[in-house]
Amino acid sequence: MKSECQRYLEDPEANASHPDTCVECAFFAEIGADDAPRRPIVIESLPLAPWEEAKHRPWPLILGGALAVLAIAAAVFAAAGATPMQVLRRVFPNFDLILSTVRLLGEGVEHAPAGLQIALAISFVLVNTVFYLLLRRAPKGIDV
């Protein structure tokens, strides 16, 4: 720090002409002044962050992998002599069976003891309250 800068810092009013000759003091005088003009920072384009798709994405490789999986699946179905719908019908039960199971479960809860029904209702309210509070919480991370 120069002696002129030190004198300016000690008594800015007596050395008011110093910022005209010193770039650093002029900068700090402008920042510290309440009536200093505010200039907007103009940035043409910021560099992309890694989470903002800054990395190269190998879309041809991804598409080729998906097509290879589809080709292998089609070959397996052809070798088995079945269509995908036939396999789904064998794997999943009949819709009427699923519907009757849901009805039986509903009747079971309806005829359950009162203590179990109250416990189910309280647990339903508590779980949804926790979900609501988690959604209302302020996010942590880059949004803070």
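**View 1. Order of the elements in the predicted model.** From the N terminus on, the elements of the protein run α-α-α-α-α-α-α, with 7 helices and 0 strands, where helices (H or I, at least four residues) and strands (E, at least two) are DSSP runs numbered from the N terminus. This is a predicted model, in which local features need pLDDT of at least 70 and side-chain atom pairs count only at pLDDT 80 or more, while totals for chains, interfaces and linings use all residues. Residues are numbered from 1 along each chain as its sequence is written, and side-chain values use heavy atoms, with hydrogens and water left out.

**View 2. Helix α4 and the residue after it.** Helix α4 spans residues 59-80 and reaches 32 Å from its first C-alpha to its last, close to the 32 Å expected at 1.5 Å a residue, the expected span being 1.5 Å times one less than the number of residues. Of the 22 residues of α4, the number buried (under 20% relative accessible area, 1.4 Å probe, protein chains only) is 0, so the helix lies largely in the open. Gly81, which follows α4, has a positive phi near 75°.

**View 3. Leu88 in helix α5.** Leu88 lies in helix α5, residues 84-91, and counts as partly exposed because its relative accessibility is 42%, between the limits of 20% for buried and 50% for exposed.
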